[in-house]
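Thanks for coming, everyone. Let me put the structure up, and then we will walk through it together.

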Amino acid sequence: MSRVQLKAADGTIVELDPANVVEIRQFDGKAQVEQLTSDPSVPRRITLAEKPWRVAMLLNAAIGKARFDNSAANHSR
């Protein structure tokens, strides 16, 4: 699945796997995502410098692209 790169509220670039994002909520006007991770060095909650609707749109687009790519690969056999 395609990963999505977004800017965190602190200015760093974070990479999210849409399959691991379990919640998107609004926090001080910004999007805050909660993700599943087994890696203790990866934060579970990340506040982003984006609006929640934009984050949802980008994650959904990445999921749709992965589904389309997989179905196109299956039909070419």
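Start with Ile24. Its bridge partner in S4 is Val33. Keep in mind that this is a predicted model. That pair belongs to a longer run of pairing: strand S3, residues 21-27, is joined to S4 by six bridges. The two strands run antiparallel.

Now follow Val33 across to S5. There, Val33 stands opposite Ile46. S4 and S5 are joined by three bridges, and this pair is antiparallel too. Put that together and you have an open sheet of three strands, in the order S3-S4-S5. Which strands sit at the edges? They are S3 and S5, the latter covering 45-47, and each pairs on one side only. On average, neighbouring strands in this sheet are turned by 20 degrees against each other, ignoring direction. As general background, strands of a sheet pair through backbone hydrogen bonds, in parallel or antiparallel fashion.

Next, the turn between S3 and S4. How many residues lie between the two strands of this hairpin? Two. Asp28 is in that loop. Look at its backbone: phi is near 55 degrees, a positive value in a residue that is not glycine. In general, most residues other than glycine have a negative phi. Is Asp28 buried or exposed? Asp28 has a relative accessible area of 68%, so it counts as exposed; the cut-off for that is over 50%. One distance to note here. Asp28 and Thr47 are 19 residues apart along the chain, and their C-alpha atoms are separated by 9.4 Å.

There is another hairpin, and it comes from S1 and S2. These strands pair in the antiparallel sense, over four bridges. One of the pairings puts Lys7 with Ile13, its bridge partner in S2. Five residues lie between the strands. Gly11 sits in that turn, with a positive phi of about 95 degrees.

Stay on S1 and watch the side chains. They alternate along the strand. Val4 and Leu6 point to one face, and they are buried. Gln5 and Lys7 point to the other face, and they are not buried.

That brings us to the core. The largest nonpolar core has 13 residues. Seven of them touch the most other members: Leu6, Leu16, Val33, Ile46, Leu48, Val55 and Leu59. Where do the core residues come from? S1 (4-7), S2 (13-16), S4 (30-35) and helix H1 (52-75) each supply at least two. H1 gives the largest share, three residues. Broadly speaking, nonpolar side chains in soluble globular proteins tend to be buried together.

Take Leu59 as an example. Setting aside residues up to four places away in sequence, Leu59 touches Val4, Leu16, Pro18, Val21 and Ile24. Ile24 is where we came in, paired with Val33.

One polar residue deserves a stop: Gln35. Gln35 is in strand S4. Its relative accessibility is 6%, so Gln35 counts as buried; the limit for buried is under 20%. What does Gln35 touch, leaving out residues up to four places away in sequence? The list is Leu16, Asn20, Val21, Val22, Val42, Pro43, Arg44 and Ile46. Look closely at Pro43. Its backbone oxygen lies 3.0 Å from a polar atom of the Gln35 side chain. And one more neighbour in space: Glu23 is twelve residues from Gln35 in sequence, with 7.1 Å between their C-alpha atoms.

Finally, step back to the whole chain. The protein chain has five strands and one helix. From the N terminus on, the order is β-β-β-β-β-α. How much of the chain is buried? Buried residues make up 26% of its 77 residues. Consider contacts between residues at least 6 apart in sequence: 35% of them join residues at least 24 apart. The accessible surface comes to about 5,300 Å², and carbon and sulfur atoms account for 51% of it.

That's the tour. Over to you.

Note on methods: Residues are numbered from 1 along each chain as its sequence is written. This is a predicted model: local features need pLDDT of at least 70, side-chain atom pairs count only at pLDDT 80 or more; totals for chains, interfaces and linings use all residues. Side-chain values use heavy atoms; hydrogens and water are left out. A nonpolar core is a set of buried Ala, Val, Leu, Ile, Met, Phe, Trp, Tyr and Cys residues joined through side-chain atoms within 4.5 Å. Buried means under 20% relative accessible area, exposed over 50%, partly exposed in between (1.4 Å probe, protein chains only). Contact means heavy atoms within 4.5 Å. Two strands pair if DSSP finds at least two bridges between them. A polar contact is a pair of N or O atoms within 3.5 Å; within protein, one must be able to donate a hydrogen and the other to accept it, and residues adjacent in sequence count only if both atoms are side-chain atoms. Accessible areas come from the Shrake-Rupley method with a 1.4 Å probe; for residues, only the protein chains shown count as cover. Axes are lines fitted to C-alpha atoms, for helices over the stretch in contact, and angles run from 0 to 180 degrees between N-to-C directions.
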